[in-house]
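The following exercises concern the structure shown below. Each task is followed by a solution that proceeds step by step.

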Amino acid sequence: MHQMKDDIKYILADEKKIEGTCEKLAAQINADYPDHDRELVFVIVLKGSVFFATDLIRRVNRPCTMEFMKVSSYGSGVETSGFIQVSLDLKRDIKDADVIIVEDIIDSGRTLQKLCSLLATRGAHSVKTCALLDKPERRQVDMEVDYSGIVIPDEFVVGYGLDYAEYYRNLPYIGVLDPSVYSE
Ligand code: PRP
């Protein structure tokens, strides 16, 4: 029987590494947002960030809220298109809130750059970014992540929320997809 793990060339971040990274990032956020008087809202970018967001935010030890957005940049293929489209927007006002955008990965940087400017125009008190994975070799715009988890090489990764053609998101670890899967 064909199993998902047969399509994985090697594991880049196992469950332990992911857990440690979530702990590290949550500790940084806990230290940076001690003021409970202002709302801290996590804007979770669907779909890839869902697993990361739940593991991260469960470790945040102060009151906070969660909102969701959906933007598209890849389609169903491997290469980034260079354009993003907001297909699900926030349903509420974020004026005066401290915002942290939660992403599974920063690649070209276009998605986070565009989202940061968009949310800043809506009157947020501050907008910061948190990404589990960072592929600096792929950057096409000048964009740094405030809370950065694991720097990875320019390989096609899946698992723990990241997909290829919508599959593999449910792998509990992050692995490099065997090129034979997408070059067939
Ligand atoms: C991925 C990822 C980021 C974006 C990063 O989303 O979740 O949103 O691409 O790429 P960039 O830095 O080049 O802009 P994707 O469009 O694959 O959607 P998904 O999360 O629903 O899989």
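## Exercise 1. Cysteines

C130 is buried, with a relative accessible area of 0%. The model under study is a predicted one.

Task. Determine how many disulfides the model holds, and account for the state of C22.

Solution. Step 1: the criterion for a disulfide is a pair of cysteine sulfur atoms within 2.5 Å. Step 2: the cysteine sulfur closest to that of C22 belongs to C130, and the separation of 8.4 Å is too far for a bond. Step 3: C130 likewise takes part in no disulfide, its nearest cysteine sulfur being that of C22. Step 4: the count is therefore zero disulfides under the 2.5 Å criterion. C22, too, is buried, at a relative accessible area of 0%.

## Exercise 2. Buried faces of two helices

Task. Identify the buried residues of α3 and of α2, and state how they are arranged around each axis.

Solution. Step 1: helix α3 spans residues 110-120, and T111, L112, L115, C116 and L119 are buried in it. Step 2: viewed down the axis of α3, these residues fall within an arc of 125 degrees, so they line one face of the helix. Step 3: the packing partners of the buried residues of α3 are β2 (40-46), β3 (65-72), β5 (98-106) and β6 (126-134).

Step 4: in helix α2 (residues 50-57), the buried residues are F52, A53, L56 and I57. Step 5: these cover an arc of only 110 degrees around the axis, which places them on the same side of α2. Step 6: the buried residues of α2 pack against α1 (15-32), as well as against β2, β3, β5 and β6.

## Exercise 3. Nonpolar cores

Task. Describe the largest nonpolar core, and state which element gives the most to this core.

Solution. Step 1: as background, nonpolar side chains in soluble globular proteins tend to be buried together. Step 2: the largest nonpolar core has 29 residues, of which I29, F42, F52, L56, L133 and I174 touch the most other members. Step 3: at least two residues of this core come from each of α1, β2, α2, β5, β6, β7 (147-151) and β9 (174-177). Step 4: α1 gives the most, with five residues. Step 5: beyond its neighbours within four places in sequence, I29 is in contact with L40, F42, L56, V60, I100 and Y147. Step 6: another core, of 20 residues, lies apart from the largest one, and V45, I106, C116 and V141 are among its members.

## Exercise 4. Aromatic pairs

Task. State how many aromatic pairs the structure holds, and characterise the geometry of the pair F156 and Y164.

Solution. Step 1: the structure holds four aromatic pairs. Step 2: F156 and Y164 form one of them, with 5.8 Å from centre to centre and 90 degrees between the planes. Step 3: planes over 60 degrees apart count as edge-to-face, and this pair is accordingly edge-to-face. Step 4: F156 counts as buried at 11% relative accessibility, and Y164 does so at 18%. Step 5: together with Y182, F156 and Y164 form one aromatic cluster.

## Exercise 5. The three-stranded sheet

Task. Give the strand order of the open sheet of three strands, and identify the edge strands.

Solution. Step 1: the order is β1-β9-β8, with antiparallel pairing. Step 2: β1 (8-13) and β8 (157-158) are the edge strands, as each pairs on one side only. Step 3: β1 and β9 run antiparallel and are joined by four bridges. Step 4: I11 stands opposite G175 in β9.

Notes. Residues numbered from 1 in each chain as written. Predicted model: local features only at pLDDT ≥ 70, side-chain atom pairs only at ≥ 80, totals over all residues. Heavy atoms only, no water. Buried < 20%, exposed > 50% of the residue type's maximum accessible area, 1.4 Å probe, protein only. Arc of directions from axis to C-beta. Contact = heavy atoms within 4.5 Å. Phe/Tyr/Trp six-rings, centres within 6.5 Å; stacked < 30°, edge-to-face > 60°. Core = buried A, V, L, I, M, F, W, Y, C linked by side-chain atoms within 4.5 Å. Pairing = 2+ DSSP bridges.
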